[in-house]
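Please look over the sequence and the model below before reading on. The report takes up strands, charged side chains, a pocket and some backbone details in turn.

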Amino acid sequence: MTHAPYPDPSQDVFRHLVERLAQTGLPHVVHVHAPTRTVAEAEANLDFDTSRIVKTIAFALRSGGLVLAALRGTRRVAYPALAGLLGVGRRDLAALSPEEVMTRLGVAPGSVSPLLAEGRGKLLVDADVLTITPTLYCGLGRSDRTLEIAPKDLVAAAGGTGEAIVRVGMISKA
């Protein structure tokens with residue numbers, strides 16, 4: 001007897017995010033490509049300008065909250081700066097493990113989208129992201145799909161610039 005494969009929750013997450021984007025009316029493109037999870041893989045497999053790739057890293061707060069940090073793919077999170085923007089100590093902040101990313105966000109590591117913060121937690125966007133022109137490339141819940149969108153439109157789609165949803169500040173280092 002054969003069993004049907006378990007459903008992939010990222011399919012539902014992806015569909016939800018695409019529907020949400022469509023409802024905003026904001027201009028964007030969804031690129032279809034081979035599964036790609038890292039900037040190094042993107043350099044090898046995709047024809048995107050990798051300096052315009054934005055990665056999103058998921059963090060848990062000791063209090064249980066969720067934070068997504070969106071920054072240029074070539075940069076690293078400056079933990080003290082991120083904690084400072086959140087008003088917490090550095091020890092109150094920990095990156096989610098791959099299993100926690102799947103459990104809490106319903107996507108595989110390398111597929112996290114800044115749009116996943118809605119209804120789940122805060123999104124912090126590195127100020128450098130807003131300098132990317134004309135568009136940026138970011139996750140959309142699946143490793144074989146990439147969202148291309150203008151930085152200001154990404155912030156708008158993620159919930160605007162309200163403190164409770166999206167904060168922009170310096171959270172990265174080269």
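The following paragraphs describe selected features of this structure.

This is a predicted model, in which local features need pLDDT of at least 70 and side-chain atom pairs count only at pLDDT 80 or more, whereas totals for chains, interfaces and linings use all residues. Residues are numbered from 1 along each chain as its sequence is written, and side-chain values use heavy atoms, with hydrogens and water left out.

**Strand 8 and its partners**

Helices (H or I, at least four residues) and strands (E, at least two) are taken here as DSSP runs, numbered from the N terminus. Two strands are said to pair if DSSP finds at least two bridges between them. Residues are called buried under 20% relative accessible area, exposed over 50%, and partly exposed in between, as computed with a 1.4 Å probe on protein chains only.

Strand 8 is largely enclosed by the rest of the structure, because 5 of its 5 residues are buried. From this strand, Arg145, Leu147 and Ile149 point one way, while Thr146 and Glu148 point the other way. Strand 1 (residues 28-32) pairs with strand 8 in the antiparallel sense over 5 bridges, and in this pairing His28 stands opposite Ile149. Strand 7 also runs antiparallel to strand 8, to which 4 bridges join it; here Leu136 stands opposite Ile149, and Tyr137 stands opposite Glu148. Strand 7 is in turn joined to strand 2 by 2 bridges, these two strands running parallel, with Val54 opposite Cys138 of strand 7.

**Salt bridges**

A salt bridge is counted when a side-chain nitrogen of Lys or Arg lies within 4 Å of a carboxyl oxygen of Asp or Glu. On this basis, a search of the whole structure finds 9 salt bridges, and the table gives some of them.

| Acidic residue | Basic residue | Closest N to O distance |
|---|---|---|
| Asp144 | Arg142 | 2.8 Å |
| Asp144 | Arg145 | 3.0 Å |
| Asp153 | Lys152 | 3.2 Å |

Asp144 therefore appears with two partners in the table, and it counts as buried because its relative accessible area is 17%. Arg142 is buried as well, and Arg145 counts as buried at 17% relative accessibility. In the pair of Asp153 and Lys152, Asp153 counts as buried at 8% relative accessibility, whereas Lys152, at 60%, counts as exposed.

A network of salt bridges links Arg72, Arg75 and Asp128. Arg72 lies in strand 3 (residues 66-72) and is buried, with a relative accessible area of 15%. Its side chain also makes a polar contact with the side chain of Asp128 at 2.6 Å; such a contact is a pair of N or O atoms within 3.5 Å, of which, within protein, one must be able to donate a hydrogen and the other to accept it, and residues adjacent in sequence count only if both atoms are side-chain atoms.

**The largest pocket**

A pocket is found on a 1 Å grid over the protein atoms alone, as an open set of points where a 1.4 Å probe fits, with protein on both sides within 12 Å along at least five of seven lines, and its lining residues have an atom within 4 Å of a point. The largest pocket has a volume of about 530 Å³, and of the 31 residues that line it, the closest to its centre are Arg37, Thr38, Lys55, Gly110 and Ser111. The elements that give two or more residues to this lining are helix 2 (39-45), strand 2 (53-61), helix 4 (98-105), strand 7 (136-139) and strand 8 (145-149). Strand 2 gives the most, with 6 residues. The lining divides into 16 nonpolar, 11 polar and 4 charged residues.

**Backbone details**

Most residues other than glycine have a negative phi, and most peptide bonds are trans. The hairpin of strand 7 and strand 8 has 5 residues between the strands, and in it Gly141 takes a positive phi near 95°. Which form does the peptide bond from Thr133 to Pro134 take, cis or trans? This bond is cis, with omega near -10°.

Thr133 is found in the loop between strand 6 (122-126) and strand 7, as is Pro134. Thr133 is exposed, with a relative accessible area of 60%, and its C-alpha atom is separated by 7.8 Å from that of Pro151, 18 residues apart along the chain.

Technical notes. Grid points are joined across faces, edges and corners, and a volume is the space filled by probe spheres set on the points. Ala, Val, Leu, Ile, Met, Phe, Trp, Tyr, Cys and Pro count as nonpolar, Asp, Glu, Lys and Arg as charged, and the others, Gly among them, as polar.
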